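Here is a short tour of one protein model, written to be read beside the coordinates. Have your viewer ready and follow along as the residues come up.

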Amino acid sequence: MPGGVNSPVRAFKAVGGTPLFVRKAEAARLWDADGRGYVDYVGSWGPLVLGHAHPAVLEAIAQAAARGTSYGAPCLAEIELAERVVRLVPSIQKVRFVSSGTEATMSALRLARGFTGRRKVLKFEGCYHGHADAFLVSAGSGVATLGIPGSSGVPEGTVADTLVAPYNDARAVERVVEEHGKDLAAIFVEPVAGNMGCVPPREGYLQALRDLATRAGALLVFDEVITGFRLSTGGAQVLYGVKPDLTCLGKIIGGGLPVGAYGGRADVMEQVAPTGPVYQAGTLSGNPLAMAARAPTCAWRRWPPACTPACSAPATRRT
């Protein structure tokens, strides 16, 4: 494996030392291959809000596995989780499950381009949207520039339509809209930047993005892979009261298994195949294990803060 790992941040290159290989984990602790114990503040980068190896999650996965690990066909668990996501996230009227946050943002970008018939996308310095080619860019000099590849292997032509502006600078976005608005398909943003430290939006910033996207006829896309179901049950859009056109969600919705999702306005999502011309597919999208690993009912009862007024069922029936 390159660097001995399957994801670069695991190599400890930025902090020194050698990779930590985990032998087991339980609740808020994990143990490495040498038997050393640790308090885990990372939680698999976000999805383990109930901790490692929560009994209810393990039971749900085991029951699902006994019925088969992959169907390549629809299952009831997909519908149940889709209903929950639609109920809790204000901007999502229809949702499509995928297998990672990168797949979610990549698919949302294709959808935005297909829906608007436009090419360009605006992202912000310091905001990470996965490793799809179109998002792997760094900003050049100036307020907003055409994308410059930020990784070897990304052709310049692939990111030529990616625009970059400073995060939290609404005036910069206004200038981008003035110059490129007629060909702008989408504005992608982490509503709270989480990959350059934790940087909250300035007052009025997200609403300004909403207004500018509407003015340009572009879609506003919230990448809530980090903030969704953590900043609040319904994500940053609930906390800040700004509704995007599309929302991307990540692994937190799958209890530690590989899963992601993108969803939004029904008229936009109807453009996704098979109902529309924007193609996106995946054999493991909506697979039964990931769908079952969502936080089970009994797990939520052990953690009352996760329940919100949106969850109006009696405690014994909350889903």
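Aspartate 245 counts as buried because its relative accessibility is 5%, where buried means under 20% relative accessible area, exposed over 50% and partly exposed in between, with a 1.4 Å probe and protein chains only. The model is a predicted one, in which local features need pLDDT of at least 70 and side-chain atom pairs count only at pLDDT 80 or more, while totals for chains, interfaces and linings use all residues. Residues are numbered from 1 along each chain as its sequence is written, and side-chain values use heavy atoms, with hydrogens and water left out.

What does aspartate 245 meet in a salt bridge? Its partner is arginine 265; a salt bridge here is a side-chain nitrogen of Lys or Arg within 4 Å of a carboxyl oxygen of Asp or Glu. Arginine 265 sits in the loop between strand E13 (260–264) and helix H7 (266–269), and aspartate 245 in the loop between helix H6 (236–240) and strand E12 (246–249), so the pair ties together parts 20 residues apart in sequence. Helices (H or I, at least four residues) and strands (E, at least two) are DSSP runs, numbered from the N terminus. Arginine 265 also bridges to aspartate 267. With relative accessible areas of 26% for arginine 265 and 39% for aspartate 267, both residues are partly exposed.

By this rule the count comes to 11 salt bridges, including these:

| Salt bridge | N to O distance |
|---|---|
| Arginine 265 – aspartate 245 | 3.0 Å |
| Arginine 265 – aspartate 267 | 2.7 Å |
| Arginine 294 – glutamate 80 | 3.0 Å |

The pair of arginine 294 and glutamate 80 links distant parts of the chain, 214 residues apart: arginine 294 is in the loop between helix H8 (288–292) and helix H9 (297–301), and glutamate 80 is in helix H2 (residues 76–88). Arginine 294 is buried at 15% relative accessibility, whereas glutamate 80 is partly exposed at 35%.

Now step back to strand E13, just before arginine 265. Buried residues make up 5 of its 5. Gly260, Tyr262 and Gly264 cover one side, with Ala261 and Gly263 on the other. E13 pairs in the antiparallel sense with strand E4 (residues 94–98) over 5 bridges, and with E12 over 4 bridges; strands pair if DSSP finds at least two bridges between them. On the E4 pairing, glycine 260 is the bridge partner of valine 98. Tyrosine 262 stands opposite cysteine 248.

Helix H3 (residues 101–116) is worth a look too. Its 16 residues reach 22 Å from first C-alpha to last, close to the 22 Å expected, the expected span being 1.5 Å times one less than the number of residues. Among its buried residues are Ala104, Ala108, Leu111 and Ala112. Glycine 117 follows H3 and has a positive phi, near 70°.

Finally, the whole chain. The protein chain has 9 helices and 13 strands, and 47% of its 319 residues are buried. Of the contacts (heavy atoms within 4.5 Å) with a separation of 6 or more, 65% are between residues 24 or more positions apart. The chain exposes about 15,700 Å², 56% of it supplied by carbon and sulfur atoms, with areas from the Shrake-Rupley method and a 1.4 Å probe. Valine 15, in the segment before strand E1 (22–26), is exposed at 68% relative accessibility.
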